[in-house]
Amino acid sequence: PARIKKVYVEVGDNVKAGQKLVEMDALNLNQIKLQMENDRTEFERVDELYKVGGISKSTWDVKKMAYEISKSSFENLQENTILTSPISGLVTKRYYDSGDMYNGGTPIYVVEQTRPVKLMVNVSEMLYTKLKKGMEVDIKLDVFGNEVFKGFVKIIHPWIDPGTRTFAVEVQINNTDGRIIPGMFARVTFNYGTENRVLVPDRAVIKQSGAADRFVYVCKD
């Protein structure tokens with residue numbers, strides 16, 4: 001928990017991994033830095049005394065531990081004072097403004113990776129043996145009408161849901177132009193190939209009465 005000094009990006013911005021997003025108030029960092037420098041000075045002093053036999057090993061251990069603890073705290077606060085994006089992606093949410101007190105419960109930003117994106121699809125267990133990792137699929141998104149996007153099967157989850165008799169499949173789309181964003185509704189078409197079959201129709205003739213005889217041919221596959 002600390003005060004947010006400044007936020008640097010807005011919702012809708014594309015950010016790169018390592019890019020600075022937030023600067024937190026440095027008061028705690030400066031305090032622990034002074035503590036660390038003091039502990040380091042104390043440790044260096046007793047270290048010289050220990051080398052010439054002027055103090056005991058236990059005293060040396062106490063000073064060394066105090067310096068290591070304050071150094072670790074300083075490095076941790078330093079890492080959490082200037083916050084950077086862990087991934088390249090799109091800023092989809094921002095929950096705080098500059099000057100707000102951050103409480104540690106809600107994230108300051110949500111950054112989502114959009115290049116590539118993945119779709120989660122539930123597929124009937126009857127098709128489990130027909131799906132292969134890497135096979136190409138066609139995707140249509142309602143927002144883009146009949147435009148077809150290409151993707152491929154990334155992961156086939158080896159577990160059947162006993163309630164729905166389906167299994168999960170992850171489909172990946174490269175999305176190089178960034179047009180697809182998280183939350184869109186998609187329809188996925190898997191191509192299982194083609195088969196040639198002989199079809200023999202079962203023809204029945206039904207005669208209807210009336211002013212003129214009419215015949216209806218009914219074929220059953």
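This report walks through strands, a buried loop serine, salt bridges and aromatic pairs in one predicted model.

Some housekeeping comes before the details. Residues are numbered from 1 along each chain as its sequence is written, and side-chain values use heavy atoms, with hydrogens and water left out. Because the model is predicted, local features need pLDDT of at least 70 and side-chain atom pairs count only at pLDDT 80 or more, while totals for chains, interfaces and linings use all residues.

**The open sheet**

Helices (H or I, at least four residues) and strands (E, at least two) are DSSP runs, numbered from the N terminus. Two strands pair if DSSP finds at least two bridges between them. On that basis, 5 strands make an open sheet in the order β8-β11-β10-β9-β12, with antiparallel pairing. The edges belong to β8 (117-124) and β12, each with a single partner strand, so one side of each has no neighbour in the sheet. From one strand to the next, the twist averages 40°; axes here are lines fitted to C-alpha atoms, for helices over the stretch in contact, and angles run from 0 to 180 degrees between N-to-C directions.

Inside this sheet, β9 (residues 136-141) and β10 (residues 148-156) run antiparallel and are joined by 5 bridges. Lys 140 stands opposite Val 148 in β10.

Just past β12 there's Asn 191, in the loop between β12 (186-190) and β13 (202-208). Is Asn 191 buried or exposed? At 55% relative accessibility, Asn 191 counts as exposed; the cut-offs are under 20% relative accessible area for buried and over 50% for exposed, with partly exposed in between (1.4 Å probe, protein chains only). The C-alpha atoms of Asn 191 and Glu 136 are separated by 7.6 Å, although these residues sit 55 apart along the chain.

**Strands β5 and β7, and Ser 85**

Strand β5 (residues 89-94) pairs with β7 in the antiparallel sense, over 4 bridges. Val 91 stands opposite Val 111 in β7. In a regular strand the side chains alternate between the two faces of the sheet. Strand β7 (residues 109-112) has Tyr 109 and Val 111 on a covered face, with Val 110 and Glu 112 on an uncovered one.

Val 111 turns up again around Ser 85, which lies in the loop between β4 (82-84) and β5. Ser 85 has a relative accessible area of 3%, so it is buried. Leaving out residues up to four places away in sequence, Ser 85 touches Val 15, Lys 16, Ala 17, Gly 18, Gln 19, Leu 21 and Val 111, where contact means heavy atoms within 4.5 Å. The side chain of Ser 85 also reaches the backbone oxygen of Ile 87 at 2.5 Å.

**Salt bridges**

How many salt bridges does a search of the whole structure find? It finds 16, a salt bridge being a side-chain nitrogen of Lys or Arg within 4 Å of a carboxyl oxygen of Asp or Glu. Here are some of them:

| Acid | Base | Closest N and O atoms |
|---|---|---|
| Glu 10 | Arg 94 | 2.9 Å |
| Asp 47 | Lys 51 | 3.5 Å |
| Glu 48 | Lys 51 | 3.9 Å |

The Glu 10 and Arg 94 salt bridge links distant parts of the chain: Glu 10 is in the loop between β1 (2-7) and β2 (14-15), and Arg 94 is in strand β5, 84 residues apart. Glu 10 is partly exposed at 41% relative accessible area, and Arg 94 is partly exposed at 26%.

Asp 47 and Lys 51 both lie in helix α1 (residues 27-51), 4 residues apart, about one turn of the helix. Asp 47 is buried, with a relative accessible area of 17%, whereas Lys 51 is exposed at 58%. Glu 48 is 3 residues from Lys 51 in helix α1, so about one helical turn separates them. Glu 48 is partly exposed, with a relative accessible area of 48%. Elsewhere, salt bridges that share partners join Glu 10, Arg 94 and Asp 97 into one network.

**Aromatic pairs**

The structure holds 7 aromatic pairs. One of them is Phe 43 with Trp 60, a tilted pair at 5.7 Å centre to centre and 50° between the planes. This pair links distant parts of the chain, with Phe 43 in helix α1 and Trp 60 in helix α2 (residues 57-79), 17 residues apart. Rings of Phe, Tyr and Trp (its six-membered ring) pair if their centres lie within 6.5 Å; planes under 30 degrees apart count as stacked, over 60 as edge-to-face and the rest as tilted.

Phe 43 counts as buried at 14% relative accessibility, and Trp 60 is buried with a relative accessible area of 15%. Ring pairs link Phe 43, Tyr 50, Trp 60 and Tyr 67 into a cluster.

Key:
A polar contact is a pair of N or O atoms within 3.5 Å; within protein, one must be able to donate a hydrogen and the other to accept it, and residues adjacent in sequence count only if both atoms are side-chain atoms.
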